[in-house]
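Me: I should like to go through a structure with you and ask, point by point, on what grounds each description rests. Please set each value against its criterion before concluding.

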Amino acid sequence: MRNLSLPLALTARISPVVVLAAAGWVLTSGPATTPATQKESAAPQSAGESPSGTSTAAATKKYAAAPAPCGSIGAATIKSLVPGAKTAGKEIPSTDTALRRTCSWNALKGYDYRWLDVSFEITESDEAAAKSYKENTAEKSGGGNVPGVGDAGYSVVNLTTENKQQTREGVVMIQASNALVTVTYNGSDFESKKAPSTDEINKGAIKAAKEAVAALESGQKA
């Protein structure tokens, strides 16, 4: 077995789990998981203030809290997408676990490296989630819609190269009522210096996203 010269950006990913978890949080703390900008609803008018005597409708909100992210993906899927990873995953610390939770799985098996993040964000209303989803997908051009999952879904895959080492990363964003689900899945081959195919990364990310949304839908509701 010959010695490997790993790119600086990927070296941290095969360090101890504490460093890996921190790196994973950086990967998923960009626009795709930025909290939605939320606006307070206008105060309802009283009957005396409105000729019809009606008040402003309450904001639509289906989910009250984020589900446990490390239990949102089945063990069989983890073994398939991240060979060699512990199926329990590693939850990333959050300032408010009711509103945002993220879990990471990563492993280097032989020369093949895989990383998977699943993140849930709960906003105050469907409208706030839809606005955030629209802004996030607009910043990640070049992808396509993911039909049949949540209220709206989007997937994009990108290839990066550093020191001749390729890494291919897929991001899937789903809006389901007032919740946002984001999946990040990437991989590299340190022997060939090539990345997995676009089809492999895209299908893997979508599969994880579907399971994550199913876990959300079967969990706690408002």
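Me: How many bridges join β2 to β3, and what makes them paired strands?

Reply: Ten bridges join β2 to β3, which run antiparallel. Two strands pair if DSSP finds at least two bridges between them, so β2 and β3 meet the criterion. Arg-101, for instance, has Phe-120 in β3 as its bridge partner. Strands and helices here are DSSP runs numbered from the N terminus, helices being H or I of at least four residues and strands E of at least two. The model is a predicted one, in which local features need pLDDT of at least 70 and side-chain atom pairs count only at pLDDT 80 or more, while totals for chains, interfaces and linings use all residues. Residues are numbered from 1 along each chain as its sequence is written, and side-chain values use heavy atoms, with hydrogens and water left out.

Me: What is the order of the strands in the sheet, and why are β1 and β4 called edge strands?

Reply: The open sheet has seven strands in the order β1-β2-β3-β7-β6-β5-β4, with antiparallel pairing. The edge strands are β1 (90–92) and β4 (144–145), since each pairs on one side only.

Me: Which strands pair with β7, and over how many bridges?

Reply: Strand β3 (residues 112–122) is joined to β7 by eleven antiparallel bridges, with Glu-121 opposite Leu-180. Strand β6 (residues 165–176) pairs with β7 in the antiparallel sense over nine bridges, and there Met-173 stands opposite Thr-182. β6 and β7 also form a hairpin with two residues between them, where Ser-177 in the turn has a positive phi of about 55°.

Me: How do you know whether β7 is covered or open on its faces?

Reply: Buried means under 20% relative accessible area, exposed over 50%, and partly exposed in between (1.4 Å probe, protein chains only). Eleven of the eleven residues of β7 (179–189) are buried. In a regular strand the side chains alternate between the two faces of the sheet. Both faces of β7 are covered, with Ala-179, Val-181 and Val-183 among the buried residues on one side and Leu-180, Thr-182 and Thr-184 among those on the other.

Me: Which helices lie across β7, and at what angles do they run?

Reply: Helix α4 (residues 126–138) lies across β5 (152–162), β6 and β7, running at about 155° to β6. Helix α5 lies across β3, β5, β6 and β7, running at about 150° to β7. Axes are lines fitted to C-alpha atoms, for helices over the stretch in contact, with angles from 0 to 180 degrees between N-to-C directions.

Me: How many aromatic pairs are there, and why is one called tilted?

Reply: Rings of Phe, Tyr and Trp (its six-membered ring) pair if their centres lie within 6.5 Å; planes under 30 degrees apart count as stacked, over 60 as edge-to-face and the rest as tilted. By this rule there are two aromatic pairs. The rings of Tyr-113 and Trp-115 have centres 6.4 Å apart and planes at 45°, so this pair is tilted.

Me: Why is the pair of Tyr-113 and Phe-190 called stacked?

Reply: Their ring centres are 6.3 Å apart and their planes stand at 15°, so the pair is stacked. It links distant parts of the chain, with Tyr-113 in strand β3 and Phe-190 in the loop between β7 and α5 (198–218), 77 residues apart. Tyr-113, Trp-115 and Phe-190 form one aromatic cluster.

Me: Why do Tyr-113 and Phe-190 count as buried?

Reply: Tyr-113 counts as buried because its relative accessibility is 1%, and Phe-190 because its value is 3%.

Me: What makes the contact of Ser-104 with Asp-117 a polar one?

Reply: A polar contact is a pair of N or O atoms within 3.5 Å; within protein, one must be able to donate a hydrogen and the other to accept it, and residues adjacent in sequence count only if both atoms are side-chain atoms. The side chains of Ser-104 and Asp-117 make such a contact at 2.3 Å. Ser-104 lies in strand β2 and, at 3% relative accessibility, counts as buried.

How values were computed. Contact means heavy atoms within 4.5 Å.
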